[in-house]
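Let's take a walk through a protein structure together. Have the sequence and the 3D view ready, and look up each residue as we come to it.

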Amino acid sequence: MKKMYVLAASSVLLAAVMTACGSNETVLSRDRHESKLDGNEKEITAIIENMTLEEKVDMLHGKHMFTSTGVPSQGIPDMIYADGPFGIREEMEPNSWNSIHLTTDSATFFPTGSALAATWDEATAYEYGKAMAVEARLRGKDMMLAPAINIQRIPTGGRTYEYLSEDPFLSSRLAVGYTKGMQDNGVAVCLKHFALNNQESNRGTVNVIASPRAIREIYLPPFEAAVVEGDAFGVMSAYNKVNGYWCGENEFLLNQVLRKDWGFKGMVISDWGGTHSTVLSTVAGLNVEMPGNSFHGQALIDSVNSGAIAESVIDERVREILRVRLRIDAIPENEANQVMTSQPEQTKVAYDVALKSVVLLKNDGGLLPIDLNNVSRIAVIGDNADKKMSQGGVGAGVKALYEVTPLEGLRNRIGDKAEIVYAQGYTSQQNRGWGGFGGFGGFRGFGQRPAAQQKPDDTAERLRNEAVKAASEADIVLFIGGDNRQWETEGSDRQSMMLPYEQEKVVEAVAAVNPNIVFVAVAGAPVDLNIVDENAPAIVQSWFNGTEGGNALADLLLGNASPSGRLPFSYPIRLEDSPAYALGNFPQTDAPIGEDVFVSLVGNRSADELQNGSDNRNTAVYSEDLLVGYRWFDTKEKPVRYPFGYGLSYTTFEYSDIAVNKEKFSAKDNIEVTFTLTNSGSADADEIAQLYVHRIDATVEWPYKELKAFQRVSLKAGESESVTLSIPVEQLKYWNEEIHDWSLENGQIELLLGANAGDIRLNRIVEI
């Protein structure tokens with residue numbers, strides 16, 4: 001019998017979390033990891049003993065916009081930071097967002113976070129992190145502000161494209177790969193944003209109320225895995241509050257969970273402008289205030305001199321920074337930025353990620369792949385066909401050495417084999433019209449409001465007519481639509497999933513003259529595909545897919561490779577079906593959306609204005625609790641347009657011969673599930689086998705099923721392979737709020753093996 005999850009009421013959640021998630025929680029933690037940051041303690045002690053208080057405090061705040069101070073008197077260099085998470089930001093003036101216009105700082109634009117997650121491949125994440133590190137070293141960077149690993153809680157999140165997945169296990173595996181790849185190659189990661197930064201709306205003021213169990217099982221696992229398994233050296237505290245405490249002064253998050261429970265030995269830096277106190281933040285475990293010194297400068301010296309904080313606490317914060325500094329080899333300034341940042345080896349990684357990430361959502365009638373023997377004219381329609389995505393909106397951007405658009409990729413791969421006719425179809429040269437920030441090209445132009453919404457004119461009709469004409473004369477239509485980097489942006493969330501710029505009208509008009517439409521959604525998050533689905537027999541989910549994205553997309557559309565990306569999130573039929581919207585806990589209605597804290601910062605507002613500019617202290621109650629993403633849809637038996645983990649191929653796969661290593665398991669065992677995977681079609685391709693767990697007749701409340709293992713498998717046409725997926729029983733524990741520790745519930749569990757959350761092929765029942 002399906003076990004239904006009983007949701008806790010908001011009032012119950014609020015009462016339950018305030019003590020357990022404050023500074024008084026006592027935790028019996030799991031085994032802590034050994035860190036590469038260990039081993040230099042005697043040297044660090046000697047350094048600290050020879051430092052003045054002023055030197056120590058100088059290390060605890062920003063020196064420049066992306067630099068914090070070392071120990072000049074002892075020859076210890078500054079710490080140099082850079083954005084990430086999908087490319088090395090161009091060089092800027094020390095204390096502004098203005099470019100210094102180097103000729104060597106053009107970097108590789110890597111596919112963004114949701115694209116990386118769509119590869120479902122930890123090894124690919126490792127290569128991604130490695131490639132980023134190689135370019136960061138060429139630029140003299142010590143720590144990348146990456147990866148971004150918050151859970152995609154809402155489909156409309158402004159940074160959904162930057163984050164990895166709605167699922168903590170998938171996010172964890174990718175976070176570990178990314179972290180190891182970067183740090184194995186000489187650059188420290190800075191995991192962000194710690195923690196529960198799951199919305200952009202009022203992120204600088206919002207107080208997130210979540211249960212201890214949801215925090216531990218849904219929102220913290222990617223960070224825990226990156227710290228415990230990946231040995232992450234750095235963490236960035238988020239803007240928001242969690243259960244009443246700012247993340248940058250949250251004793252529970254920074255000292256209890258991060259340092260005591262997980263054994264983190266590294267350094268915590270604030271998000272830019274995200275520090276709120278002097279003594280509280282320092283005692284709670286914040287190492288570096290970025291980018292200024294409003295709280296960790298003279299105010300901290302005065303606090304030590306007055307006895308408000310012990311100098312020994314300052315010493316500990318300095319020690320944690322020095323552990324990282326001594327493990328990361330500094331690049332001399334005269335050796336940085338000497339050669340072009342973007343190199344062929346890294347652009348090859350960007351291509352590989354893009355190729356593995358594209359998801360084939362629909363292919364009625366086998367419209368794809370395009371057979372150039374039967375197609376002589378192709379209409380390519382859509383603003384996104386010729387739009388670059390390396391910059392735009394608010395937040396991280398990349399001065400890409402080059403970026404192949406979908407239109408360019410098609411021209412590169414098709415050449416003279418078919419005629420390509422391009423029609424823009426719609427224009428994105430207008431702002432969002434509701435407070436979003438667009439068209440700034442990364443950080444350029446911050447502090448300016450976008451131009452007023454364009455007045456209606458005949459532009460839309462003219463572009464639509466041009467698209468109809470092109471489609472009427474073509475054998476097939478490739479409609480390249482979706483969102484862009486102005487629409488999905490840091491600092492604000494989308495108001496809906498609807499396709500912007502009236503794309504649906506263009507799709508309907510085109511379909512009236514040519515039914516052979518392939519719709520490509522270039523987006524980092526789900527978009528509403530209801531009208532598209534009625535008019536297009538083939539639908540593809542592409543992404544903000546980097547420097548080589550256009551070439552990779554063309555190769556997949558033309559059948560040079562088979563699509564192998566799988567959705568890292570659920571695709572709801574309607575936005576109102578998703579949990580936070582269905583329960584009415586997003587968007588919050590107790591306060592209007594104010595000016596974003598980061599937008600204020602880059603607009604050169606003063607520190608006092610940043611800290612005191614809003615009285616809004618709205619509250620986000622996570623009343624869906626554990627039921628995030630597919631957990632909600634499965635448990636509530638709510639249909640989706642495309643389930644979590646979904647993706648088609650140009651071939652078919654069969655699952656057979658499932659076996660389990662034994663029938664009963666204890667807490668220290670591994671559940672080994674072996675099966676045969678067969679490529680039963682005619683194309684070489686990759687399949688991503690997914691293993692979920694369903695608790696049978698449990699007494700503890702659970703989602704209907706949860707992902708616990710997966711593997712990408714490459715098979716030639718007709719080939720079979722024996723595959724084994726492993727689940728440590730340790731990973732089946734739940735956070736027991738009564739004892740504040742992990743507990744294992746004994747009983748039967750059903751192992752569900754399949755191609756996605758909605759397509760389970762085989763199952764076995766075992767006992768714990």
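We will start with the whole chain, go on to its cores and a pocket, and end with some details of the backbone.

Keep in mind that this is a predicted model. The chain has 768 residues, and buried residues make up 64% of them. DSSP runs give 22 helices and 26 strands. How do parts of the chain that lie apart in sequence come into contact? Among the contacts with a separation of 6 or more, 79% are between residues 24 or more positions apart.

Now look for the nonpolar cores. In soluble globular proteins, nonpolar side chains tend to be buried together. Here the largest nonpolar core has 109 residues, and F194 and V518 are those with the most contacts inside it. Leaving aside residues up to four places away in sequence, F194 touches several others, including L220, F223, V235, C247 and W262. There is also a second, separate core of 40 residues, which includes M51, V71, F233 and I269.

One of the partners of F194 is C247, and this cysteine is buried, with a relative accessible area of 0%. C190 also counts as buried, at 0% relative accessibility. How many disulfides does a search of the whole structure find? It finds zero. For background, a disulfide is a covalent bond between the sulfur atoms of two cysteines.

Next, find helix α7, residues 212-219. Is this helix largely enclosed or not? Eight of its eight residues are buried, so α7 is largely enclosed by the rest of the structure. The buried residues include the charged-lettered R213, R216 and E217 as well as A214, I215 and Y219.For a contrast, turn to K36, in the loop between α1 (10-20) and α2 (41-49). K36 is exposed, because its relative accessible area is 52% and the cut-off for exposed is over 50%. K36 still has partners: not counting residues up to four places away in sequence, it touches D184, D231, F233 and R327. F233 is also one of the residues of the second core. K36 and K265 are 229 residues apart in sequence, but their C-alpha atoms are 9.1 Å apart in space.

Let's move to the second largest pocket, which holds about 740 Å³ of space. Its lining has 30 residues, of which T67, I80, E91, K141 and E333 lie nearest the centre. Two elements, β1 (62-64) and β3 (79-82), give two or more residues to this lining. Which element gives the most to the lining? That is β3, with three residues. By class, the lining has 14 nonpolar, four polar and 12 charged residues.

Finally, follow the backbone itself. The peptide bond from G84 to P85 is cis, with omega near 15°, and P85 is found in the loop between β3 and α4 (113-118). Another cis peptide bond runs from K192 to H193, with omega near 5°. H193 has its place in strand β5, residues 188-194.

Two residues other than glycine have a positive phi worth finding in the view: N337, with phi near 60°, and H740, with phi near 55°. N337 is in the loop between α12 (311-327) and α13 (344-357), while H740 is in the loop between β23 (734-736) and β24 (741-743). Are they buried or partly exposed? With a relative accessible area of 17%, N337 is buried, whereas H740, at 22%, is partly exposed. The cut-off explains this, because buried means under 20%.

Note on methods: Residues numbered from 1 in each chain as written. Predicted model: local features only at pLDDT ≥ 70, side-chain atom pairs only at ≥ 80, totals over all residues. Heavy atoms only, no water. Buried < 20%, exposed > 50% of the residue type's maximum accessible area, 1.4 Å probe, protein only. Helix = DSSP H or I, 4+ residues; strand = E, 2+ residues; numbered from the N terminus. Contact = heavy atoms within 4.5 Å. Disulfide = S-S within 2.5 Å. 1 Å grid on protein atoms, 1.4 Å probe; cavity = no way out; pocket = protein on both sides within 12 Å on 5 of 7 lines; lining within 4 Å. Points joined across faces, edges and corners; volume = space filled by probe spheres on them. Nonpolar A, V, L, I, M, F, W, Y, C, P; charged D, E, K, R; others polar. Core = buried A, V, L, I, M, F, W, Y, C linked by side-chain atoms within 4.5 Å.
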